[in-house]
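Me: Could you walk me through how this chain packs together? A few short questions and answers would suit me well.

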Amino acid sequence: MTEVALAGLWGLVAGSALLLGAVVGFGLRVPQKVIATVMAFGAGVLLSAVSFELLSEAYDEAGLAPAVAGTLAGAAAYTAGNAWLAGRGARHRKRSGDRQAHAQPTEAQQSGSGLALALGALLDGIPESAVIGVGLLDGGSVSLVTVAAVFISNVPEGLSSSAGMKKAGRGKAYVFGVWGAIAAASTVSSVLGYTVVGHFSATVIAAVTAVAAGAILAMIADTMIPEAFEDAHLAIGLITVSGFLVSFALSHA
């Protein structure tokens, strides 16, 4: 199998977790504390992967300045996109909707919110998938820790968000259409991360990796941790640290 095909395959594997989570979230009534617990664990896993896989690699390849600049740029870009989407109905896109104040809006409540939710899911998923493809550039082997971290974190994202979409009155075609499209976009993003970024210098590759890391960190703080804290606030620290340590152990195995 060619490395381009491998990039697409690993991107699809990671992105398919969103679809898996959506199937569970739409088809079953999962208790809020379970959703919050898995979300907190996934946040910890991603935090560790960003720290020990992405930022560490960017620093080793290009030094402190590109790593810091890229991380800040990624966080700023994500925050700007997230703020724009929040004003159009996607602020609570990872919320499962039990509390009305934090529920996803219906289309009747806010016209265009369905498209905003879909774009928000795309915004959340693209940086994660891109770094999988970029990871293949270093010796032709993808970091299984990064893939595992993205996969584990994507399950509760898809689960919680699809449950919220269902409660907002959106049907199967919309919910599974969104997450199926995001899984496909994850595949394309991973391929582009490998093919496009591969033409640049090591410094640029390191900066791109840092940009993705910054976007992922901002996403964790803006969307994952608030959902987890809402229903698991007494234990969120311990659960998040547990996820962090599992990913840390995998990266040093």
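Me: Which residues have the most contacts inside the largest nonpolar core?
Reply: Happy to help, and do keep in mind that this is a predicted model. The largest nonpolar core holds 26 residues. Those with the most contacts inside this core are Leu46, Leu54, Ile216, Ile220 and Met224.

Me: Which helix gives the most to this core?
Reply: At least two residues each come from helix 2, helix 4 (113-135), helix 5 (144-167), helix 7 (202-232) and helix 8. With 9 residues, the helix that gives the most is helix 7.

Me: Which residues does Ile216 touch, not counting those up to four places away in sequence?
Reply: Ile216 is among the residues with the most contacts inside the largest core. Leaving out residues up to four places away in sequence, the ones Ile216 touches are Leu46, Val50, Leu54, Pro127 and Glu128.

Me: Is helix 2 roughly parallel or oblique to helix 8?
Reply: Helix 2 (residues 32-62) and helix 8 (residues 236-251) have axes 7 Å apart and pack at an angle of about 40°. Angles under 35 degrees would count as roughly parallel, so this angle makes helix 2, relative to helix 8, oblique.

Me: How many residues of the contact of helix 2 with helix 8 are nonpolar, polar and charged?
Reply: Helix 2 contributes residues including Ala40, Phe41, Gly44 and Glu53, while helix 8 brings Ile239, Gly243 and Phe244 among them. The residues of this contact divide into 12 nonpolar, 9 polar and 1 charged.

Me: Is the crossing of helix 2 and helix 8 left-handed or right-handed?
Reply: These are the two helices that pack at about 40°. The crossing of helix 2 and helix 8 is right-handed.

Key
Residues are numbered from 1 along each chain as its sequence is written. This is a predicted model: local features need pLDDT of at least 70, side-chain atom pairs count only at pLDDT 80 or more; totals for chains, interfaces and linings use all residues. Side-chain values use heavy atoms; hydrogens and water are left out. Axes are lines fitted to C-alpha atoms, for helices over the stretch in contact, and angles run from 0 to 180 degrees between N-to-C directions. Helices (H or I, at least four residues) and strands (E, at least two) are DSSP runs, numbered from the N terminus. Angles under 35 degrees count as roughly parallel, over 145 as roughly antiparallel, 65 to 115 as roughly perpendicular and the rest as oblique. A crossing is left-handed if the near helix is turned anticlockwise from the far one by less than a right angle, and right-handed if clockwise. Contact means heavy atoms within 4.5 Å. Ala, Val, Leu, Ile, Met, Phe, Trp, Tyr, Cys and Pro count as nonpolar, Asp, Glu, Lys and Arg as charged, and the others, Gly among them, as polar. A nonpolar core is a set of buried Ala, Val, Leu, Ile, Met, Phe, Trp, Tyr and Cys residues joined through side-chain atoms within 4.5 Å. Buried means under 20% relative accessible area, exposed over 50%, partly exposed in between (1.4 Å probe, protein chains only).
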